[in-house]
Amino acid sequence: MLNLKNEKIPRATITRLALYVQQLEVLEQEGEKVVSSEKLARACGVNPSQIRKDLAYFGEFGVRGVGYYVYELKEAIKKSLGLDRVWNVVLVGVGNLGRALLRHHVLRKRGFVIVGAFDCDPFKIGEEIAGLEVMCSSNLPTKIKELNAEIGIITTPPERAQRAANYLIRGGIKGIVNFAPARIAAPEKVVVEYVDFINHLFSAAFQISLNQSKGFYS
C-alpha cells in the first residue's frame, strides 16, 4: 500500500515524478551520490521549488545544505509510484504497434513484463513473437487469471478496442493502457489511460506555429 500524505495528487505531479526517476537513474549511472534540488531541477526542466512541492506529497526527503541522496530518492519515488515491484501485463492487438511493444525491452527493465499476447485474427493466432505465442482474444478472461496479469495494453484498431476492453475487464484486469484512437467504457475501479499520438502531434504543431508567429525561426 502507498503511504501518501494527500491522495489527491495532480496528474502533472505523477508525470514529473516519473521524469525525476529517469534523471536520478542517469545520475546514478554517472556515479553521482548526492544531487542538489537545483541540479535535479535543471536536468528535469523545472524549478527547485516544484521538485520540493512534488516530493512533499510523499514525505520528507533530502538533507538541508546537502541535497538529495540519489539512490535513496530514486528508490523512495519508485516505491511511492508502485514501481518497486514487477507488473504482469497482457497485450491485445498484435499489429505493427503491438509487435513493437512486445519487442520493447525497456518495458521489462522498468518492471512491466508482458506475459501474454492476444489477437482475434486467425492468421496471427499461434504465431510466436518475442517468445510469446499469440492467443485468441476470447481466451483473455481465463488467461488473465492464469498469468496473474493486472494491466492490459490495447493496440487494436479503434472499432475493436471496446471488445478488447470487455475481455480484459471480464478477466479482472485492474488497469488498461489504450493506444487505440477510441474511447472505451470501463467500471470506475478499472484505471484507464489513453495514449494518443495525434494529440501530441497537434500540440507540437500548435507550439511550432506559435513560435513561428513570434519569429523564433527567422
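**Figure 1. The span assigned to the CoA-binding domain in a predicted model.** In this predicted model, the C-alpha atoms at the two ends of residues 82–183 lie 26 Å apart, and the span is 29% helix and 28% strand. The boundaries come from UniProt, where an unreviewed entry places the feature "domain: CoA-binding" at residues 82–183.

**Figure 2. The protein chain that carries this span.** The chain has 218 residues, of which 36% count as buried, and its secondary structure comes to nine helices and nine strands. Taken along the principal axes, the C-alpha atoms of the protein chain fill a box of roughly 60 × 50 × 35 Å. Among the contacts in the protein chain with a separation of 6 or more, 58% are accounted for by residues 24 or more positions apart. Carbon and sulfur atoms contribute 54% of the accessible surface of the protein chain, which comes to about 13,400 Å². The 29 positive and 22 negative charges of the protein chain have mean positions that are 3 Å apart.

**Figure 3. The seven-stranded sheet and its edges.** Seven strands form an open sheet in the order 5-6-4-3-7-8-9, and the pairing within this sheet is mixed. Strand 5 (128–129) and strand 9 (191–194) stand at the edges and have a single partner strand each, so one side of each is left without a neighbour in the sheet. Strand 5 runs antiparallel to strand 6 (residues 132–136), to which two bridges join it; here glutamate 128 stands opposite glutamate 133 in strand 6.

**Figure 4. Strand 3 and its two partner strands.** Strand 3 is joined by six bridges to strand 4 (residues 112–119), and these two strands run parallel; within this pairing, isoleucine 114 in strand 4 is the bridge partner of valine 89. Strand 3 also pairs in the parallel sense with strand 7 (residues 151–154), over four bridges, and valine 90 stands opposite glycine 152 in strand 7.

**Figure 5. Burial of strand 3 on both faces.** With six of its six residues buried, strand 3 (residues 87–92) is largely enclosed by the rest of the structure. One side of strand 3 presents Trp87, Val89 and Leu91, the other presents Asn88, Val90 and Val92, and all of these residues are buried, so that both faces are covered.

**Figure 6. The annotated binding site and the start of helix 5.** An unreviewed UniProt entry gives the annotation "binding site" to Gly93, Val94, Gly95, Asn96, Leu97 and Gly98. Leucine 97 lies in helix 5 (residues 96–102) and, at 30% relative accessibility, counts as partly exposed. Apart from neighbours within four places in sequence, leucine 97 is in contact with Thr155, Phe179 and Phe197. Glycine 98, also found in helix 5, is by contrast buried, with a relative accessible area of 0%. With neighbours within four places in sequence again left aside, glycine 98 is in contact with Leu91, Gly93 and Thr155; Leu91 is one of the buried residues of strand 3, and Gly93 is among the residues covered by the binding-site annotation.

**Figure 7. Serine 49 in helix 3.** Serine 49 has its place in helix 3 (residues 48–56), where it counts as partly exposed at 43% relative accessibility. Measuring from C-alpha to C-alpha, serine 49 and isoleucine 77 are 17 Å apart in space, while 28 residues separate them in sequence.

Notes. Residues are numbered from 1 along each chain as its sequence is written. This is a predicted model: local features need pLDDT of at least 70, side-chain atom pairs count only at pLDDT 80 or more; totals for chains, interfaces and linings use all residues. Side-chain values use heavy atoms; hydrogens and water are left out. UniProt positions are given in the numbering used here, feature names are shortened, and annotations may be inferred rather than shown by experiment. Buried means under 20% relative accessible area, exposed over 50%, partly exposed in between (1.4 Å probe, protein chains only). Two strands pair if DSSP finds at least two bridges between them. Contact means heavy atoms within 4.5 Å. Accessible areas come from the Shrake-Rupley method with a 1.4 Å probe; for residues, only the protein chains shown count as cover. Lys and Arg count as positive and Asp and Glu as negative; His and the chain ends are not counted. The place of a charge is taken as NZ of Lys, CZ of Arg, CG of Asp or CD of Glu.
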